[in-house]
Amino acid sequence: MKKKSLAWVLAATTTLVFLFSACGTTDPEPSAAAGEGFTGTVTIVHVNDIHGYVDETDEAIGFARIAGFFEETKAENPNTIFLDAGDCFSGSAYTTIDQGESIVPILNTVGIDAMVAGNHDFNFGSAQLLRLASMVTYPVLSANMVYRDTQENLLDGYDIITLDNGMKVGVIGLTTPVAEAMGASDVMYVDAISVCQTLVDELQPQVDIIVALTHVGENEGDALTSTMIADEVTGLDVIIDGHSHTELPEGRWENGVLIAQAGEYSHNIGVVSLIIENGVHTDTTARLIPKSEAENLPEKAETAALVADLQAESEAYFAEVIGATDVELVGTRDIIRTQETNIGSLFADVMRDAAGTDISYFKAGLIGGELQPGDITRKDLTEICRVDSLIVVKEVTGADILEYLNYAMAPFPSSNGSFLQVSGISYTIDPDLAEDKIFDVSVGGAPLDLDATYTVAASLGMSSEPGMVNGTLVKEVGYTSTYMEEYIVANSPLNCATDGRIAIGTKPAA
């Protein structure tokens with residue numbers, strides 16, 4: 001049984017020690033003896049942060065060639081597995097058609113052995129994530145995301161894969177804390193490090209190799225990174241990571257554990273080789289196969305046919321022109337996560353107007369991209385509306401607002417998806433302060449009143465964060481894409497600009 005409650009996880013180590021003591025055994029013999037004597041290589045093919053981009057482009061390898069490469073690699077070395085480090089079900093135009101279901105038939109042809117749930121895999125809510133997990137032919141894992149009310153795990157925490165040589169690989173799925181705020185308000189994050197250590201201790205007698213399949217990343221300022229896991233968890237053989245969209249051409253060693261990550265959007269295929277001598281893991285190497293080296297990789301015919309079918313079915317839908325813009329809409333990842341942008345202000349303004357609130361917040365991680373002046377198609381909209389968030393309205397105090405601004409902007413000036421694009425409110429941030437960075441806050445042109453009550457529109461996931469959690473839920477409004485499309489149709493051509501609602505300055509001494 002792999003789906004563990006939080007209470008079980010916290011008690012597991014104590015229980016196991018008690019049972020072994022009661023039987024007079026404190027050092028059980030490993031059950032994974034089938035691979036003893038094997039000398040050779042165990043290969044892990046891996047991808048991360050595909051975000052629903054299943055097709056081949058000038059930059060993306062695409063799943064048809066990824067599947068072909070995996071088939072070819074496994075034929076050469078039967079002791080090969082395929083892992084996906086998360087953020088697969090959401091983020092592309094294809095995934096907006098039916099909340100990720102359109103790409104499932106393609107995923108089921110690729111050969112994936114296990115996937116960890118990334119934060120964006122929660123975009124459509126926990127029920128839809130469970131539906132998607134039931135539709136794919138491989139386990140979707142997350143050992144540290146639990147139901148808020150019951151503390152039961154939403155998904156299985158680990159899986160055991162038996163290799164051709166008889167060795168067993170234990171794969172533990174760990175999800176970033178950011179997932180708690182991505183649209184599934186009924187789930188919560190629990191400490192990944194303690195959960196991971198408990199499961200490592202459980203798996204060690206059963207398996208030969210333990211892999212942490214993490215959607216955690218190495219963003220500076222994040223509460224959890226893959227480096228922290230490597231430093232604090234003992235017994236891991238390798239970490240296959242995602243979330244920060246980092247390219248690690250040869251992996252990165254931390255505390256004797258190799259961390260591998262393959263960038264984003266299938267720009268690379270990751271390959272990790274675990275060197276085995278007489279059944280013992282002795283060394284690890286990592287490499288990336290970039291798009292430039294993947295041109296001649298074979299395509300898996302079944303995968304290619306399904307990708308072509310999806311492209312044909314969606315082409316007309318996405319090609320429809322819904323409006324136009326007279327100005328460049330700027331919201332690329334390097335900009336929207338550190339400063340006010342016209343595309344961020346546009347989203348926040350539209351949501352505040354749709355919800356009829358005093359204020360709206362929009363996390364930079366939910367939107368982005370760049371549109372040149374000219375027509376706007378439905379595909380353009382889905383690409384800048386990266387996460388089709390359910391918008392809710394909460395009633396909060398001015399003190400709650402200040403708390404939330406300081407919470408969300410804490411990582412600044414580091415680039416971070418929590419950076420707020422806002423409407424109806426302006427503020428100044430001091431990047432040199434370690435905490436309480438926000439000052440000079442105004443709502444509707446008037447200074448923020450800490451005792452007054454305001455209405456705020458925000459994505460559902462944000463409603464459970466500090467400064468928002470104590471507010472009163474007023475109503476659910478609808479999804480971002482619906483209101484954005486209506487606005488673009490009614491107000492084209494767009495002429496969006498920044499207006500100084502987010503400023504940088506030095507906070508006066510108290």
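A residue is called buried when under 20% of its relative accessible area is left uncovered, as judged with a 1.4 Å probe. By that criterion, 57% of the 510 residues in the chain are buried. The model is predicted.

The overall dimensions were considered next. A compact globule of 510 residues would have a radius of gyration near 24 Å, and the chain, with 24 Å, agrees with that value. The C-alpha trace spans about 75 × 55 × 35 Å along its principal axes.

The secondary structure of the chain comprises 13 helices and 27 strands. Contacts often link distant parts of the sequence. Of those with a separation of 6 or more, 77% join residues 24 or more positions apart.

The surface was then examined. The chain exposes about 19,700 Å². Carbon and sulfur atoms supply 49% of this area. The chain carries 24 positive and 76 negative charges. The mean positions of the two sets lie 3 Å apart.

One helix was examined residue by residue. Helix α6 covers residues 192-203, twelve in number. From its first C-alpha to its last, α6 reaches 16 Å. This is close to the 16 Å expected at 1.5 Å a residue. Helix α6 is mostly covered, with ten of its twelve residues buried. Among the buried residues of α6 are Ala-192 and Ile-193 at its start, and Leu-203 at its end. The buried set also includes Val-195, Cys-196, Gln-197, Thr-198, Leu-199 and Val-200. Glu-202 is buried as well.

Terms used:
Residues are numbered from 1 along each chain as its sequence is written. This is a predicted model: local features need pLDDT of at least 70, side-chain atom pairs count only at pLDDT 80 or more; totals for chains, interfaces and linings use all residues. Side-chain values use heavy atoms; hydrogens and water are left out. Helices (H or I, at least four residues) and strands (E, at least two) are DSSP runs, numbered from the N terminus. The radius of gyration is taken over C-alpha atoms; the globule rule is 2.2 Å times the number of residues to the power 0.38. Buried means under 20% relative accessible area, exposed over 50%, partly exposed in between (1.4 Å probe, protein chains only). Contact means heavy atoms within 4.5 Å. Accessible areas come from the Shrake-Rupley method with a 1.4 Å probe; for residues, only the protein chains shown count as cover. Lys and Arg count as positive and Asp and Glu as negative; His and the chain ends are not counted. The place of a charge is taken as NZ of Lys, CZ of Arg, CG of Asp or CD of Glu. The expected span of a helix is 1.5 Å times one less than its number of residues.
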